[in-house]
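Q: Hi! Could you walk me through this structure while I have it open?
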Amino acid sequence: MKMHAAVIHEMQKPRPYRESQPLSIEEVELDPPGRGEVLVRMRAAGLCHSDLSTINGDRPRPVPMVLGHEAAGEVVEVGDGVEDLAPGDHVVFSFAPSCGACASCLSGRAALCAPGQVANGAGHLLGGGMRLHKGGQKIYHHIGVSGFAEYAVASRRSLTRIDADLPFHIAALFGCAVLTGVGAVVHTAGLRLGQSVLVVGLGGVGLAAVMGAAGGGARHVIAADIAPDKLETAKAMGATHVVNSGDADAIEQVREISGGGVDIAAEFAGVSKALEFAYECTARGGTTVTSGLPHPDVRFAISPTRMVAEERTLKGSYLGGHVPSLDVPEYIALYRAGRLPVEKLLTHRLKLEEINLGFDRLASGEAIRQIIDFD
């Protein structure tokens, strides 16, 4: 079938993106789903810093590629071997496909699925196939989703079925922002009732983490960023305190609020200085978690002696360490109960043709979560 999609051919084009047009809206061809795959009509897709990091070259990917990894849609057709989804079902995509059979999947760490990571790095679907092309040229898939398109073919293991009455623009948020942000604090760091939490970097994922910390019973929820408007937004999402991390005494402010340092510091900015700030604000015996994805060449220096003597824990968190098929429905239930008000993350809704403008907003910090509507 033919459809319209946002294709990146070259990374590191200059800003403003509305002029350089790193994403071009093109008519491309999409092959039918193969065995274990599903054709989905895209209904909503979110703009995330992980997409921006491909545009600006921080996360190099093979090109040409259809970007987009946070999305929700409606099943149109299922391939051979898919028996638990049917046309008309509503689904949320996961950018970490899980084979269900490798050591990581079997131990409950689906986000670390080895075949899934290989496929994502190569720009293929989980089974190794590529279904996008144009004029004889293959087009790569973005981490198993390629959500900036009217349709997508994805592995069944990249999809979670959801209730049909959940609005698509809300459902899409559960594919990345909610799982990654909430999960880093609640799941990866293991938040316990009454602990103090610092969230560094208040984009969509960071603000979801603020919600998760507040909903998880943190005593202090300290939000830090260099943008004053984002600090104000964090207050509306459950932060008990805010700190401008650009202040010369920002670390001292956090230590004073928390009584010497926080139990959990979670970093989402994808900048080494932000991770250093989070680490320095963590108390002795505390946990520092990062979900930020800077350029692969970026390094972070720590003192092993200090880590040992202070019994520090430094952890990475990918997709919040979740199993989407189990955790997405649970988080949606929390949203329905009013305990996870993810609709507050939405600042803009746009059309596919406005995508470069949307990434200008994201790069400049003008937006939290923007959703492309395909209706």
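Q: Let's start with the second largest pocket: what is its lining like by class?
A: Happy to help! The lining of the second largest pocket has 7 nonpolar, 6 polar and 4 charged residues. Here Ala, Val, Leu, Ile, Met, Phe, Trp, Tyr, Cys and Pro count as nonpolar, Asp, Glu, Lys and Arg as charged, and the others, Gly among them, as polar.

Q: What kind of model is this, and how are residues numbered?
A: This is a predicted model, where local features need pLDDT of at least 70, side-chain atom pairs count only at pLDDT 80 or more, and totals for chains, interfaces and linings use all residues. Residues are numbered from 1 along each chain as its sequence is written, and side-chain values use heavy atoms, with hydrogens and water left out.

Q: Back to that pocket: which residues lie nearest its centre?
A: R156, R157, L159, T160 and S325, out of 17 lining residues. The elements giving two or more residues to this lining are β10 (159-162) and α12 (324-336). Helices (H or I, at least four residues) and strands (E, at least two) are DSSP runs, numbered from the N terminus. A pocket is an open set of points on a 1 Å grid over the protein atoms alone where a 1.4 Å probe fits, with protein on both sides within 12 Å along at least five of seven lines; lining residues have an atom within 4 Å of a point.

Q: New topic: which residues touch the most other members in the largest nonpolar core?
A: Among its 88 residues, those are F93, F148, F174, V342, L345, I355 and F359. Helix α7 (residues 204-215) gives the largest share of this core, 7 residues. A nonpolar core is a set of buried Ala, Val, Leu, Ile, Met, Phe, Trp, Tyr and Cys residues joined through side-chain atoms within 4.5 Å. Buried means under 20% relative accessible area, exposed over 50%, partly exposed in between (1.4 Å probe, protein chains only).

Q: And what does V342 touch?
A: Leaving out residues up to four places away in sequence, V342 touches I170, L173, F174, V178, M211 and Y335. Contact means heavy atoms within 4.5 Å.

Q: Where does I143 sit, and is it buried or exposed?
A: I143 is in the loop between β8 (137-141) and β9 (151-155). I143 is buried, at 4% relative accessibility, and its phi is near 35°, a positive value in a residue other than glycine.

Q: What about S146?
A: S146 has a phi near 55°, also positive in a residue other than glycine. S146 is found in the loop between β8 and β9, and is buried at 3% relative accessible area.
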